[in-house]
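Q: Please take a close look at the empty space in this protein. What lines the largest pocket, and what lines the cavities?

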Amino acid sequence: MAAAKKGARTLGDLQAAGLLGAGVTPELARVAERYAVSVTPGVIETIRGADPEGGVARQYLPAAEELQETAAELDDPIGDGAHSPVKGVVHRYDDRVLLNLLKTCAVYCRFCFRREMVGPGSRGLDAGELRAALDYIRNEPRIWEVIFSGGDPLTLSPRRLRAVLEELAQVEHVGVVRFHTRVPAVAPEMVTDELLAALRSGPTAFVVLHVNHPDELTTEVRAAIARLVDAGIPLLSQSVLLKGVNNSAEVLGRLFRALVRNRVKPYYLHHADMARGTGHFRTSIAEGQDLIDALRRSHSGVCVPNYVLDLPGGAGKVPVARSWILGQEDGCYRLRDRHGAGHEYRDAAAGPGPDRG
């Protein structure tokens with residue numbers, strides 16, 4: 001990638017980069033007024049080098065379809081607000097919290113479930129709010145894991161990140177921190193020695209890389225991933241199932257195999273959330289189940305993530321892949337294999353079962 005390429009933060013920037021096709025329509029202008037636009041230089045180069053209307057471009061370039069909403073779509077589709085005891089903290093699960101320090105990202109995904117809350121001009125936590133958030137974590141002994149979400153936490157300066165992590169390192173009940181980020185995939189140059197040192201300055205850190213299409217794993221991105229893993233930081237991935245981006249077993253298989261080859265364990269495949277104006281990305285759950293079944297038939301288990309749905313209203317994630325248990329009675333289970341065939345299995349530990357003589 002050339003060193004001094006220009007990113008895009010407006011429709012005019014995208015037009016100048018040759019990425020808008022027919023140009024700026026009134027509908028597109030309305031989309032950009034409502035939802036933030038940002039595409040990094042690296043992503044622009046990736047779009048140019050791949051299909052300009054394909055799986056990478058569709059994730060980042062505004063589209064008129066974003067103006068179409070349904071009654072089921074929500075400003076806060078996963079219910080963060082209902083579980084926020086103090087600003088910046090979401091405490092939905094007993095042993096872990098989200099810590100949202102900022103509301104800006106390196107890129108703005110067109111399907112983002114927080115698209116009503118993030119963008120240029122959105123204010124993150126000030127010093128007092130950060131103190132209150134950290135005090136909540138200190139005073140809640142159930143919290144074992146702190147998940148930095150966003151805005152993208154790795155867009156923080158390493159100095160600010162280190163300061164927060166060093167405070168968390170003093171909290172005895174916090175054992176792990178997790179970072180949900182796009183940065184290595186969209187701005188790999190930000191994975192510097194300073195950032196790596198900051199990530200190692202607190203509790204054990206995991207990085208969960210958000211990547212949806214194999215074309216995103218460029219040479220520069222793979223090098224950034226290697227820097228993280230070589231620094232001793234375990235990497236997982238999360239992807240969103242998106243119509244027109246990755247809703248085929250072939251694309252998902254290439255993505256997950258490429259991640260595993262680069263030492264990243266596929267962790268979650270998210271069913272697309274009910275964010276406003278994102279219906280053109282949404283598949284049916286049945287389609288996602290078919291895709292996961294297809295991957296299980298032909299790919300190593302290490303390449304297959306959990307297919308999950310974040311329930312609207314804040315009840316949390318639930319697995320939505322098809323069950324492998326077809327039925328159960330008196331300790332006898334009927335199970336399906338990866339090809340769909342049924343098999344009987346007697347659970348010996350459940351007792352002898354009924355007399356069938």
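A: The answer starts with the pocket, moves on to the cavities and ends with the nonpolar core.

Keep in mind that this is a predicted model. Rolling a probe the size of a water molecule over the atoms shows where empty space is left.

Begin with the largest pocket. Its space comes to about 820 Å³. A total of 39 residues line the largest pocket. Find Phe113, Arg114, Ser149, His180 and Gln238, for these lie nearest its centre. Now trace the strands. Six are to be found here, each supplying at least two residues of the lining: strand 1 (89-93), strand 2 (96-100), strand 3 (145-149), strand 4 (176-181), strand 6 (235-241) and strand 7 (264-271). Strand 7 gives the most, with four residues. The lining of this pocket is mixed in class: 19 residues are nonpolar, eleven are polar and nine are charged.

Next come the cavities. The count is two cavities of 30 Å³ or more. The largest cavity holds about 70 Å³ of space. Twelve residues line the largest cavity, and Gly42, Val43, Thr46, Ala185 and Glu216 are the closest to its centre. Two helices, helix 3 (41-49) and helix 7 (183-186), each give two or more residues to this lining. Helix 3 gives the most, with three residues. By class, the lining of the largest cavity has eight nonpolar residues, three polar and one charged.

The second largest cavity has a volume of about 60 Å³. Its lining can be listed in full: Tyr35, Ala36, Tyr108, Cys109, Arg110, Cys112, Arg115 and Val118. Six of these residues are nonpolar and two are charged, with no polar residue in the lining.

Now turn from the gaps to the packing. In soluble globular proteins, nonpolar side chains tend to be buried together. Here, the largest nonpolar core has 83 residues. Leu14, Leu99, Val146, Phe148, Leu168, Phe179 and Leu199 have the most contacts inside this core. Helix 9 (residues 219-230) provides the largest share, five residues.

Zoom in on Leu168, one of the residues with the most contacts in the core. Leave out residues up to four places away in sequence, and Leu168 touches Leu134, Ile137, Val146, Phe148, Val174, Val177 and Pro203. Two of the names in that list, Val146 and Phe148, are also among the residues with the most core contacts.

Note on methods:
Residues numbered from 1 in each chain as written. Predicted model: local features only at pLDDT ≥ 70, side-chain atom pairs only at ≥ 80, totals over all residues. Heavy atoms only, no water. 1 Å grid on protein atoms, 1.4 Å probe; cavity = no way out; pocket = protein on both sides within 12 Å on 5 of 7 lines; lining within 4 Å. Points joined across faces, edges and corners; volume = space filled by probe spheres on them. Nonpolar A, V, L, I, M, F, W, Y, C, P; charged D, E, K, R; others polar. Core = buried A, V, L, I, M, F, W, Y, C linked by side-chain atoms within 4.5 Å. Buried < 20%, exposed > 50% of the residue type's maximum accessible area, 1.4 Å probe, protein only. Contact = heavy atoms within 4.5 Å.
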